[in-house]
Amino acid sequence: MGDVWEAVKAVGTGFATTFMHLFRKPITEQYPEYKRMMPVRARARIILTRDPDGGERCVACSLCSAVCPVSCISMEAGEREEDGRRYARWFRINFARCIYCGLCEEACPTSAIQLTPEYEFAKRDILDFVYEKEDLLVDHQGKDPEYNYYRHAGIVTGVGGKGEHIGESEPVNIRSNLP
Ligand code: SF4
Ligand code: SF4
(Lines give C-alpha, C1' and ligand atoms only; values in the text may rest on other atoms or scores of the structure.)
(Ligands and ions follow the chains in the order given, each with its own letter.)
Protein backbone atom coordinates (compact mmCIF):
# COMPACT_ATOMS: atom_id res chain seq x y z
CA MET A 1 0.00 0.00 0.00
CA GLY A 2 2.91 2.29 0.80
CA ASP A 3 4.33 1.89 -2.74
CA VAL A 4 0.98 2.74 -4.33
CA TRP A 5 0.68 5.87 -2.20
CA GLU A 6 4.24 6.92 -3.15
CA ALA A 7 3.41 6.45 -6.85
CA VAL A 8 0.17 8.46 -6.57
CA LYS A 9 2.04 11.21 -4.72
CA ALA A 10 4.76 11.35 -7.41
CA VAL A 11 2.21 11.55 -10.24
CA GLY A 12 0.20 14.18 -8.33
CA THR A 13 3.31 16.30 -7.77
CA GLY A 14 4.15 16.13 -11.47
CA PHE A 15 0.65 17.20 -12.52
CA ALA A 16 0.63 19.98 -9.94
CA THR A 17 3.89 21.38 -11.32
CA THR A 18 2.54 21.23 -14.88
CA PHE A 19 -0.69 22.90 -13.77
CA MET A 20 1.15 25.76 -12.08
CA HIS A 21 3.13 26.45 -15.27
CA LEU A 22 -0.13 26.98 -17.16
CA PHE A 23 -0.58 30.29 -15.35
CA ARG A 24 2.98 31.57 -15.63
CA LYS A 25 4.00 34.17 -18.18
CA PRO A 26 5.95 32.37 -20.95
CA ILE A 27 9.60 33.33 -21.39
CA THR A 28 10.26 33.37 -25.12
CA GLU A 29 13.37 35.09 -26.38
CA GLN A 30 13.14 36.02 -30.05
CA TYR A 31 16.58 34.87 -31.09
CA PRO A 32 18.31 36.03 -33.26
CA GLU A 33 16.46 39.38 -33.13
CA TYR A 34 17.02 39.42 -29.37
CA LYS A 35 20.44 38.35 -28.16
CA ARG A 36 20.97 37.70 -24.49
CA MET A 37 24.00 39.46 -22.99
CA MET A 38 26.39 36.71 -21.93
CA PRO A 39 28.46 36.99 -18.74
CA VAL A 40 32.06 38.09 -19.23
CA ARG A 41 33.28 34.72 -18.00
CA ALA A 42 31.09 32.75 -20.43
CA ARG A 43 33.20 30.21 -22.31
CA ALA A 44 32.76 30.15 -26.06
CA ARG A 45 34.95 31.09 -29.04
CA ILE A 46 38.68 31.04 -28.32
CA ILE A 47 41.09 33.81 -29.32
CA LEU A 48 44.85 34.37 -29.21
CA THR A 49 45.54 37.79 -27.71
CA ARG A 50 48.43 40.25 -27.94
CA ASP A 51 50.41 41.93 -25.16
CA PRO A 52 50.07 45.71 -24.55
CA ASP A 53 53.05 46.34 -26.87
CA GLY A 54 51.25 44.63 -29.74
CA GLY A 55 53.42 41.50 -29.76
CA GLU A 56 51.99 38.01 -29.91
CA ARG A 57 51.62 36.64 -26.40
CA CYS A 58 51.79 32.97 -27.38
CA VAL A 59 55.24 31.49 -26.85
CA ALA A 60 54.28 28.09 -28.29
CA CYS A 61 54.94 26.28 -25.01
CA SER A 62 52.26 23.67 -25.83
CA LEU A 63 50.83 23.71 -22.29
CA CYS A 64 47.34 24.41 -23.64
CA SER A 65 47.69 21.54 -26.06
CA ALA A 66 48.93 19.20 -23.33
CA VAL A 67 46.10 20.04 -20.93
CA CYS A 68 43.31 19.92 -23.54
CA PRO A 69 41.18 16.88 -22.70
CA VAL A 70 40.09 16.37 -26.31
CA SER A 71 43.44 17.15 -28.00
CA CYS A 72 42.05 19.80 -30.29
CA ILE A 73 44.98 22.26 -30.14
CA SER A 74 48.14 21.82 -32.18
CA MET A 75 51.02 24.12 -33.09
CA GLU A 76 54.62 24.35 -34.17
CA ALA A 77 57.13 26.45 -32.25
CA GLY A 78 59.57 28.85 -33.88
CA GLU A 79 62.29 31.13 -32.49
CA ARG A 80 62.84 34.68 -33.67
CA GLU A 81 66.41 35.33 -34.80
CA GLU A 82 66.62 38.89 -33.47
CA ASP A 83 65.84 38.17 -29.82
CA GLY A 84 65.35 34.42 -29.44
CA ARG A 85 61.70 34.90 -28.59
CA ARG A 86 59.53 31.88 -29.21
CA TYR A 87 56.36 32.12 -31.20
CA ALA A 88 53.88 29.81 -32.88
CA ARG A 89 54.73 29.26 -36.55
CA TRP A 90 51.23 27.91 -36.92
CA PHE A 91 48.53 27.37 -34.35
CA ARG A 92 45.37 25.38 -34.93
CA ILE A 93 42.21 24.69 -32.93
CA ASN A 94 39.55 22.25 -34.05
CA PHE A 95 36.38 23.78 -32.63
CA ALA A 96 34.38 20.75 -33.74
CA ARG A 97 36.08 18.84 -30.92
CA CYS A 98 36.43 21.62 -28.34
CA ILE A 99 34.21 21.21 -25.27
CA TYR A 100 34.82 24.79 -24.03
CA CYS A 101 36.10 23.61 -20.67
CA GLY A 102 38.55 26.52 -20.34
CA LEU A 103 41.48 24.38 -19.23
CA CYS A 104 43.70 25.79 -21.99
CA GLU A 105 43.13 29.31 -20.66
CA GLU A 106 43.90 28.18 -17.12
CA ALA A 107 47.15 26.54 -18.22
CA CYS A 108 48.46 29.37 -20.39
CA PRO A 109 51.39 31.17 -18.70
CA THR A 110 51.21 34.22 -20.97
CA SER A 111 47.46 34.89 -20.98
CA ALA A 112 47.55 34.40 -24.74
CA ILE A 113 44.72 31.94 -25.19
CA GLN A 114 41.38 33.15 -23.88
CA LEU A 115 37.78 32.03 -24.17
CA THR A 116 35.29 34.73 -25.09
CA PRO A 117 31.50 34.93 -24.70
CA GLU A 118 31.05 34.91 -28.52
CA TYR A 119 28.92 31.87 -29.21
CA GLU A 120 27.62 32.62 -32.70
CA PHE A 121 29.90 30.71 -35.01
CA ALA A 122 27.82 27.82 -36.25
CA LYS A 123 28.94 26.30 -39.57
CA ARG A 124 27.47 23.96 -42.11
CA ASP A 125 30.76 22.31 -43.08
CA ILE A 126 32.53 20.62 -40.18
CA LEU A 127 35.92 21.38 -41.72
CA ASP A 128 35.21 25.10 -41.30
CA PHE A 129 35.56 24.57 -37.55
CA VAL A 130 39.30 24.15 -37.93
CA TYR A 131 40.65 27.61 -37.10
CA GLU A 132 44.18 28.60 -38.02
CA LYS A 133 46.36 31.17 -36.28
CA GLU A 134 45.18 33.98 -38.56
CA ASP A 135 41.58 33.21 -37.55
CA LEU A 136 42.44 33.13 -33.84
CA LEU A 137 44.88 36.03 -33.42
CA VAL A 138 43.23 39.32 -32.42
CA ASP A 139 44.54 42.88 -32.06
CA HIS A 140 43.76 43.35 -28.38
CA GLN A 141 44.60 42.02 -24.92
CA GLY A 142 41.28 40.38 -24.10
CA LYS A 143 40.54 40.08 -20.37
CA ASP A 144 44.09 40.91 -19.35
CA PRO A 145 44.86 44.44 -20.59
CA GLU A 146 48.10 44.95 -18.63
CA TYR A 147 49.85 41.59 -18.69
CA ASN A 148 53.06 41.25 -20.66
CA TYR A 149 54.90 37.97 -20.17
CA TYR A 150 58.24 39.42 -21.28
CA ARG A 151 58.17 42.00 -18.51
CA HIS A 152 58.40 39.06 -16.11
CA ALA A 153 60.49 36.58 -18.07
CA GLY A 154 63.79 37.39 -19.77
CA ILE A 155 64.62 37.43 -23.44
CA VAL A 156 68.03 36.97 -25.06
CA THR A 157 70.08 40.14 -24.40
CA GLY A 158 72.89 39.56 -26.84
CA VAL A 159 75.64 39.61 -24.14
CA GLY A 160 76.41 35.92 -24.37
CA GLY A 161 74.98 32.48 -24.90
CA LYS A 162 73.67 30.02 -22.35
CA GLY A 163 76.24 29.42 -19.59
CA GLU A 164 78.40 32.43 -20.63
CA HIS A 165 77.10 35.00 -18.18
CA ILE A 166 79.01 35.80 -15.01
CA GLY A 167 78.53 33.04 -12.44
CA GLU A 168 76.20 31.08 -14.72
CA SER A 169 76.63 27.30 -14.96
CA GLU A 170 76.94 25.50 -18.24
CA PRO A 171 73.60 24.11 -19.46
CA VAL A 172 73.08 20.48 -18.50
CA ASN A 173 73.57 18.13 -21.40
CA ILE A 174 70.57 15.87 -20.94
CA ARG A 175 71.92 13.46 -23.56
CA SER A 176 74.78 12.57 -21.21
CA ASN A 177 72.21 10.63 -19.15
CA LEU A 178 71.23 8.44 -22.07
CA PRO A 179 72.64 4.93 -22.21
S1 SF4 B 1 38.40 24.88 -24.01
FE2 SF4 B 1 38.99 22.81 -23.31
S3 SF4 B 1 38.50 21.50 -25.04
FE4 SF4 B 1 38.52 23.59 -25.86
S5 SF4 B 1 40.61 23.91 -26.61
FE6 SF4 B 1 40.58 24.62 -24.49
S7 SF4 B 1 41.25 22.85 -23.25
FE8 SF4 B 1 40.64 22.06 -25.30
S1 SF4 C 1 48.48 29.72 -26.02
FE2 SF4 C 1 49.55 29.85 -24.03
S3 SF4 C 1 49.68 27.74 -23.29
FE4 SF4 C 1 49.20 27.65 -25.49
S5 SF4 C 1 51.19 27.46 -26.49
FE6 SF4 C 1 50.67 29.65 -26.44
S7 SF4 C 1 51.64 30.41 -24.59
FE8 SF4 C 1 51.59 28.18 -24.39
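**Fold, dimensions and nonpolar core of a predicted chain**

Read along the sequence, this predicted model follows the pattern α-β-α-β-β-α-β-β-α.

Student: How many helices and strands does the chain have?

Tutor: The succession of elements is α-β-α-β-β-α-β-β-α. Counted by type, the chain has 4 helices and 5 strands.

Student: What radius of gyration does the chain have, beside that of a compact globule of 179 residues?

Tutor: The C-alpha trace spans about 85 × 45 × 35 Å along its principal axes. A compact globule of 179 residues would have a radius of gyration near 16 Å. The chain, by contrast, has 26 Å.

Student: What percentage of the residues count as buried?

Tutor: A residue is counted as buried if 20 or more other C-beta atoms lie within 10 Å of its own. Of the 179 residues, the share that meets this criterion is 13%.

Student: Which strand gives the most to the largest nonpolar core?

Tutor: This core comprises 17 residues, and C58, C64, C104 and I113 touch the most other members. At least two core residues come from each of β1 (46-48), β3 (86-94) and β4 (113-115). With 3 residues, the leading contributor is β3.

Student: Which residues are in contact with C58, leaving aside its neighbours within four places in sequence?

Tutor: C58 is one of the core residues that touch the most other members. Contact here requires C-beta atoms within 7 Å. Beyond the excluded neighbours, the partners of C58 are L48, Y87, A88, F91, T110 and A112.

Student: Among contacts between residues at least 6 apart in sequence, what percentage join residues at least 24 apart?

Tutor: The contacts considered are those within the chain whose residues are at least 6 apart in sequence. Of these, the share joining residues at least 24 apart is 74%.

Notes
Residues are numbered from 1 along each chain as its sequence is written. Chains are lettered from A and ligands numbered from 1 in the order in which they are written. This is a predicted model: local features need pLDDT of at least 70, side-chain atom pairs count only at pLDDT 80 or more; totals for chains, interfaces and linings use all residues. The radius of gyration is taken over C-alpha atoms; the globule rule is 2.2 Å times the number of residues to the power 0.38. A residue is buried if 20 or more other C-beta atoms lie within 10 Å of its own, exposed if 12 or fewer, and partly exposed in between; C-beta atoms are placed from the backbone. Two residues are in contact if their C-beta atoms, placed from the backbone, lie within 7 Å. A nonpolar core is a set of buried Ala, Val, Leu, Ile, Met, Phe, Trp, Tyr and Cys residues joined through C-beta atoms within 7 Å.
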